[in-house]
Amino acid sequence: MQAVGIRRRGLTIDPAGEEEAPAARVGRLVRESPVVIFARRGCCMAHVMRRLLAAVGAHATVIELGSAEEEEEELAAAEGGGVPALFVGGDPVGGLEGLMRLHLSGRLVPRLRELGALCA
């Protein structure tokens, strides 16, 4: 699992010397960062999601799932409604459609502000 755009909030991909169950890993990654996207490498929808979030002043932690992370992908998809899967404040938003729905309803920026996820 490779993380792109790691924030300074203490995101740990692999805890030192510990073997972590996929469900525990996905849950921990979602809790450690206010905005997390689980996506396959090179996913154009995840790219659009990152661009939208950056446009409103938030930077997402993107967890790129490769073939070795099949269980993590299944868990993220089940929690987030598919892959790419966006989590904001630990809550599943869904994919690109869920993000757009949240943004167009006017609830995205206030939620990001509430979480302290907006850049100055």
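The following exchange examines how terms apply to this predicted model.

User: What makes a feature eligible for discussion here?

Analyst: In this predicted model, local features need pLDDT of at least 70 and side-chain atom pairs count only at pLDDT 80 or more, while totals for chains, interfaces and linings use all residues. Residues are numbered from 1 along each chain as its sequence is written, and side-chain values use heavy atoms, with hydrogens and water left out.

User: Which element has the lowest mean pLDDT, and which the highest?

Analyst: pLDDT is the predictor's confidence in each residue, from 0 to 100. Strand E1 (residues 2-4) has the lowest mean, 47, and helix H4 (residues 96-104) the highest, 94. The protein chain averages 79, and 72% of the residues score at least 70.

User: What is the order of the elements in the protein chain?

Analyst: Helices (H or I, at least four residues) and strands (E, at least two) are DSSP runs, numbered from the N terminus. The protein chain has five of each, in the order β-α-β-α-β-α-β-β-α-α.

User: Why is Glu64 called buried?

Analyst: Buried means under 20% relative accessible area, exposed over 50%, and partly exposed in between (1.4 Å probe, protein chains only). Glu64 has a relative accessible area of 17%, so the residue counts as buried. Glu64 lies in strand E3 (residues 61-65).

User: What makes the approach of Glu64 to Arg41 a polar contact?

Analyst: A polar contact is a pair of N or O atoms within 3.5 Å; within protein, one must be able to donate a hydrogen and the other to accept it, and residues adjacent in sequence count only if both atoms are side-chain atoms. The side chains of Glu64 and Arg41 make such a contact at 3.3 Å.

User: Why are Phe38 and Phe87 called an edge-to-face pair?

Analyst: Rings of Phe, Tyr and Trp (its six-membered ring) pair if their centres lie within 6.5 Å; planes under 30 degrees apart count as stacked, over 60 as edge-to-face and the rest as tilted. For Phe38 and Phe87 the centres are 5.8 Å apart and the planes 85 degrees, so the pair is edge-to-face. Phe38 lies in strand E2 (residues 35-40) and Phe87 in strand E4 (residues 85-88), so the pair ties together parts 49 residues apart in sequence. Both residues are buried.

User: Which residues of the largest nonpolar core touch the most other members?

Analyst: A nonpolar core is a set of buried Ala, Val, Leu, Ile, Met, Phe, Trp, Tyr and Cys residues joined through side-chain atoms within 4.5 Å. Of the 19 residues in the largest core, Val35, Ile37, Leu53, Leu86, Leu99, Leu108 and Leu112 touch the most other members. Helix H2 gives the most, with four residues.
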